[in-house]
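The following exercises concern the packing of helices, the pairing of aromatic rings and the burial of residues. Please study the structure shown below before reading each solution.

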Amino acid sequence: MRFSQLLIPTLKEDPSEAEVVSHKLLLRAGYIRKLTSGSYTYLPMGLAAIRKVEQIVREEMNRAGAQELLMPMVQPADLWQESGRWQEYGKELIRLKDRHNRAFCLGPTHEEVITDLIRKNIHSYRQLPINLYQIQTKYRDEARPRFGLMRGREFIMKDGYSFDATDQGAEETYEKMKYAYHRIFSRCGLTFRAVDADSGSIGGSFSHEFMVLADTGEDTIVVCKSCSYAANMEKAICQKGNAPQDIALKEVERIETPGKRKVKVVCDFLQIKPSELVKTLVYIVKDEAIAVLLRGDHGVEDIKLANLLGVSDEDMRLADDKELFDATGTPSGYLGPMGLKIRVVADQEIGNMRNFTVGANEKNFHLQGVNMGRDFTPTLSGDIRKVTAEDRCVACGGKLELTKGIEVGHIFKLGTKYSEALKATFLDDQGDEIPFIMGCYGIGVSRVVAAAIEQHHDKDGIKLPVAIAPVQALVLNLSPKDEEISKAAQDIYGQLQRSHIEVILDDRDERPGIKFKDADLIGIPFRITVGKSFSKEGMIEVRRRTDGETVSIPLADTVATVMDLINKAGAELA
RNA sequence: CGGGGCGUAGCGCAGCCUGGUUAGCGCGCCUGCCUUGGGAGCAGGAGGCCGGAGGUUCGAAUCCUCUCGCCCCGACCA
């Protein structure tokens, strides 16, 4: 491929529409162009990078025993009605009608279609397990598409579905996929964590999200600095501390705190730390007001609270001041657990606190020297708060870190949710008809490219690892008008092509500076420069994009050197 | 869906508040000269329904109304 013929529209300046670095660079380096909000054309360089990721995904999925197929993108509504998701899925499901006025949707995912396929074609346990996947454009009508390829309405996804005869088999399949995912993201050169995306309450955890660590990530995750423990904020377990043994309990003391309502203000006034105070929040849970006790410096994790109460977090919200007063008879800011008539849920940490401060349920008064058990007893107690960096790892006790992540993959043990809904059954070895046990496994292929750029770039542009860079090498002919230089550049280009190296020849009639800048921006891993030093000393320069490491070598050795460098760079990730 | 911002040449922007010749600037593009190891220089040139519709006015990029699009924060989603 000659640069002069390729569509690589690079930009000197950042486009105003882009906010995050991957979006800016994808546009500037000529990888993508926007058609409309959330949908992008993949230009030759962008598509090449996506194809590289797809190929790695294919190889690892196949290695793990999965088979590739391709399902229709337009799906009939009746299948979705059968699973119940036509109603449940909501506005993200884009719906359309055909000329006969029959309803369809564009597939945001394919559980229905694959389950339909399997129920029609697999009837015996002897045919199980089976694991199928596809790589396809998905459509989700996102409320707010953003950050370029990071969250589009149209994106390329690998979605896989497994069908097992037994729970144990399904777990084995799940583990195989988890392993395959580790290999895939490692080969893509990503720094990532597989995070626990399940509360783990019953029978271990069967959902993991693969998060690429990057500041621009939309999710917050907790990772352990010492071991491999990592979890979603909503799922991260707070280690329950030990109660102090040797602290004498004080008497409860009523103190006037005029006009002091906020935690910080009360603490400043009483000369205590927020960790010595217990705040009382009121939630409205399905029309019932419930008090929630939390240490002053902690925050409620809604999902955990909802789980403890056994409700959906959608049925739960913070009360406003009026609702709070109606429920407790006390204005906000002076609430406390003592004497409250409504249900009280305490964070598990409260039990470890001694002689703390709470509101007195009386305007302008607080109580000090309060202790749980002696002075009040909560209706319920449990882990309902957000983890903090001060917490310790539940797995190893190591230090935790809160960091941002980009979700590039999600694996999930589905169980029989869809097989039951769609009556997808097989005969087991006893001749009993039972539903398939399913798992599903997704990878945001186009998002992987964006995430990789978030992790691999510098001020000059993209520097993707060889494994997923659009091409491996770029030959710069610095003087297309110089016959000798052009001949050498052409020679190297031809030899590399014959050696099956993906290579672009920059044959443009541009000044050297432009070629160097573009080479850095596009992020081709190996740059081979034929210019002045060739005319003078017969030397060719080979430079590695990732670290700028440069070697000068004679023409005769160039191709061998480049191949060697590419192989070494590839081997590091394989 | 709530809040905020922006639509002027391919890209980045100025002009708008305070209406008034032919709508500017930088980059890019085309032609020529010159230059050739990190986005050169000179000269000439092309390119605009000032997002769209309606209104106010003698006169609208500029003021008003409506509308469409894009971006950000949040909600939502995963």
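**Exercise 1: Two crossing helices**

In this predicted model, helices α2 and α11 are roughly perpendicular to each other. Task: determine which angle supports this description, and which residues make the contact.

Solution.
- Step 1. The axes of α2 (residues 44-63) and α11 (residues 445-455) come within 9 Å and cross at roughly 110 degrees.
- Step 2. Angles of 65 to 115 degrees count as roughly perpendicular, and therefore α2 and α11 receive that description.
- Step 3. The crossing of α2 and α11 is right-handed.
- Step 4. On the side of α2, the contact is made by Ala49, Ile50, Val53 and Glu54, and on the side of α11 by Val445, Ser446, Val448 and Val449.
- Step 5. Sorted by class, this contact of α2 with α11 comprises 6 nonpolar, 1 polar and 1 charged residues.

**Exercise 2: Aromatic pairs**

Task: classify the pair Trp80 and Tyr89, and then the pair Phe185 and Phe210, as stacked, tilted or edge-to-face.

Solution.
- Step 1. A pair of aromatic rings is described by the distance of the centres and the angle of the planes.
- Step 2. The structure holds 9 aromatic pairs. One of them joins Trp80 and Tyr89, with 5.7 Å from centre to centre and 80 degrees between the planes. Planes over 60 degrees apart count as edge-to-face, and the pair of Trp80 and Tyr89 is edge-to-face.
- Step 3. Trp80 is buried, with a relative accessible area of 0%, whereas Tyr89 is partly exposed, with a relative accessible area of 23%.
- Step 4. The ring centres of Phe185 and Phe210 are 5.6 Å apart and their planes stand at 40 degrees, so this pair is tilted.
- Step 5. Phe185 belongs to helix α6 (residues 167-187) and Phe210 to strand β10 (residues 207-213), so the pair ties together parts that are 25 residues apart in sequence.
- Step 6. Phe185 and Phe210 are both buried. Ring pairs also link Tyr181, Phe185, Phe192 and Phe210 into a cluster.

**Exercise 3: Burial in a helix and in the chain**

Task: state which residues of helix α13 are buried, and what percentage of the residues of chain A count as buried.

Solution.
- Step 1. In helix α13 (residues 512-522), the buried residues are Lys515, Asp518, Ala519, Asp520, Leu521 and Ile522.
- Step 2. Just after α13, Gly523 adopts a positive phi of about 80 degrees.
- Step 3. Chain A has 574 residues, of which 51% count as buried.
- Step 4. Chain A contains 15 helices and 31 strands.

Definitions and conventions: Residues are numbered from 1 along each chain as its sequence is written. Chains are lettered from A and ligands numbered from 1 in the order in which they are written. This is a predicted model: local features need pLDDT of at least 70, side-chain atom pairs count only at pLDDT 80 or more; totals for chains, interfaces and linings use all residues. Side-chain values use heavy atoms; hydrogens and water are left out. Axes are lines fitted to C-alpha atoms, for helices over the stretch in contact, and angles run from 0 to 180 degrees between N-to-C directions. Helices (H or I, at least four residues) and strands (E, at least two) are DSSP runs, numbered from the N terminus. Angles under 35 degrees count as roughly parallel, over 145 as roughly antiparallel, 65 to 115 as roughly perpendicular and the rest as oblique. A crossing is left-handed if the near helix is turned anticlockwise from the far one by less than a right angle, and right-handed if clockwise. Contact means heavy atoms within 4.5 Å. Ala, Val, Leu, Ile, Met, Phe, Trp, Tyr, Cys and Pro count as nonpolar, Asp, Glu, Lys and Arg as charged, and the others, Gly among them, as polar. Rings of Phe, Tyr and Trp (its six-membered ring) pair if their centres lie within 6.5 Å; planes under 30 degrees apart count as stacked, over 60 as edge-to-face and the rest as tilted. Buried means under 20% relative accessible area, exposed over 50%, partly exposed in between (1.4 Å probe, protein chains only).
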